[in-house]
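Open the structure in your viewer and keep the sequence panel at hand. We will go from one selection to the next, and at each stop you can look around before moving on.

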Amino acid sequence: MTLRITRRHMLGATAAVGATCWLSARNLLSAGQSANEKLNIAVVGCGGRGAANLQGVEGENIVALCDVDEARAADAWKRFPNARKFHDYRKLLDEMHKEIDAVVVSSPDHMHAPIGLMAMRLGKHVYCEKPLTWSIEEARKMADAARQYKVATQMGTQGMAEAGSRAGIELIQSGALGQVRELHGWSDRPIWPQGIERPTDKPPVPNALDWDLWLGVAPERPYHPAYVPFKWRGWYDFGTGAVGDMGIHNVAMAYVGLKLGLPTSVELVEIAGRANETFPKSTILRYEFPARGELAPLTFYWYDGGNRPSRSLIGGGELAKNGAILVGEKGTLYSVEWTGAHCQLLPEEKFRDLKRPAESVPRSPGHHAEWIEACKGRRSAFCNFPDFASSITEVMLLGNLAVRTGKKIVWDAAAMRAKDCPEADPFIRRQYRAGWTVG
């Protein structure tokens, strides 16, 4: 019988992550902020993921809404008629920084850091959608700012709040699998166009959209519906492709449980459908992670665009559209769909009588609720920037360095550079469009 990691087999986070995430939150309480009073929250990006995030925090005071597209924001603006409305996040933060406690960032990837960094430097708590940033330097700056300004942060890896995800982490660390030397993660993404070239026609900009503000720090280009909404994820200038979008979800549990940190290298195994300005139609990537204390070195394979690992890894049968497989010396953990909240231990007969490890970390009150509690000084959120979001984002963005350069990336983490690959530099440290700055 398949062992399901459910409430009966709940486990918590790693000791290192858990201690930081759950015990240090007393340093995060805003000056004068009561643990019981409602937060004043500004939401930047109100459509798509922004609408879901707005729903997640609507029990607090929504005092400001910002979106560059009035059509996408229409429902949110109608639901919160008393909130001040803005198109430009800079104007919102300039005018209302004394009135707001926290900011939710749900913009396209390329604007996460500009908005998040400005908010944190004003002392505001920040919730940011995944991936944390467009570039590696930005990811590190976001973590540094969270530490410096002692603000509560959370990245939108929603599945990590599931009891099963935290159970899986403790299962991995219990030693049930033995040494894990191989990890496979995959996604059904892209579900947006990739492997295409820039359109040549120039349709008019919709009246509801401020195109210049939508572009933000990205290089200037004419408006086209090939970019918005949602389809921006496949374009180099705006998104981070399939590995940026879903790698952060699908291997999050394994990443924490295996204490992976940063890899030493990443390279392309397979690529199809290259284009000049969009991510390819499909890829397979291979990462190498070093030993971590007593944990063995590990190879991580990433698959997207219809690619999948061998079904033999799970004993045959169909693989889920999204998932991860941890191959250990004593057995295999098959994580089904996003993040790892639903798992199977294989072979089934070997683990039928497995005794669950004891819980060691409190379970989440809910992904957004975690962040709200952190903002009020109760406990830090699990997917905060310094301890989780920055490093796992860097891992996935390193895959994109291999995709964009076509070369093996040998990563010098201390210097934040790809050895013998200077062509990767513009994707590690982004140059912003004239008139836009990100400190």
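**Stop 1: a helix to start from**

Please select residues 136-149, which form helix α6. This is a predicted model. The helix has 14 residues and reaches 20 Å from its first C-alpha to its last, close to the 20 Å expected at 1.5 Å a residue. Step one residue past its end and you arrive at K150, where phi is positive, near 50°.

Now colour the buried residues of α6: I136, E137, E138, A139, M142, A143, A145 and A146. What lies over them? The cover includes the helices α5 (112-121), α13 (385-405) and α14 (425-428), along with the strands β6 (125-128), β7 (153-155) and β15 (409-412).

**Stop 2: the partner helix**

Keep α6 on screen and add α13, residues 385-405. How do the two helices lie relative to each other? Their axes come within 8 Å and cross at roughly 175°. Angles over 145 degrees count as roughly antiparallel, and α6 and α13 are therefore roughly antiparallel to each other.

Show the side chains where the two helices meet. On the α6 side, select I136, A139, R140, M142, A143, A146 and R147; on the α13 side, select F385, P386, S390, T393, E394, L397, L398 and L401. Sorted by class, this contact has 10 nonpolar, two polar and three charged residues.

**Stop 3: from α6 to the segment after α14**

Go back to E137, one of the buried residues of α6, and show R429 as well. The side chains of E137 and R429 meet in a salt bridge, at 4.0 Å from N to O. E137 lies in helix α6 and R429 in the segment after α14, so the pair ties together parts that are 292 residues apart in sequence. R429 counts as partly exposed, at 35% relative accessibility.

**Stop 4: more salt bridges**

How many salt bridges does a search of the whole structure find? It finds 24, and here are two others to visit.

Select R233 and D109, whose side chains meet in a salt bridge (4.0 Å, N to O). R233 is in the loop between α8 and α9 (241-250), while D109 is in the loop between β5 (102-105) and α5, so the pair ties together parts that are 124 residues apart in sequence. Both partners are buried: R233 has a relative accessible area of 10%, and D109 is at 2% relative accessibility. Add K130, D188, R189 and D245 to the selection, and you will have a network of salt bridges that links them with D109 and R233.

Next, move to R90 and D88. They form a salt bridge with their closest N and O atoms 2.8 Å apart. Is each partner buried or partly exposed? R90 counts as partly exposed at 27% relative accessibility, whereas D88 counts as buried at 17%.

**Stop 5: a leucine in a loop**

For the last stop, select L209, in the loop between β8 (180-186) and α8 (211-215). L209 is buried, with a relative accessible area of 9%. Then add D69: L209 and D69 are 140 residues apart in sequence, yet their C-alpha atoms are 4.3 Å apart in space.

What else touches L209? Leaving aside its neighbours within four places in sequence, L209 is in contact with V68, D69, W214, Y223 and V228. Show these side chains together to see what surrounds this loop residue.

Technical notes: Residues are numbered from 1 along each chain as its sequence is written. This is a predicted model: local features need pLDDT of at least 70, side-chain atom pairs count only at pLDDT 80 or more; totals for chains, interfaces and linings use all residues. Side-chain values use heavy atoms; hydrogens and water are left out. Helices (H or I, at least four residues) and strands (E, at least two) are DSSP runs, numbered from the N terminus. The expected span of a helix is 1.5 Å times one less than its number of residues. Buried means under 20% relative accessible area, exposed over 50%, partly exposed in between (1.4 Å probe, protein chains only). Contact means heavy atoms within 4.5 Å. Axes are lines fitted to C-alpha atoms, for helices over the stretch in contact, and angles run from 0 to 180 degrees between N-to-C directions. Angles under 35 degrees count as roughly parallel, over 145 as roughly antiparallel, 65 to 115 as roughly perpendicular and the rest as oblique. Ala, Val, Leu, Ile, Met, Phe, Trp, Tyr, Cys and Pro count as nonpolar, Asp, Glu, Lys and Arg as charged, and the others, Gly among them, as polar.
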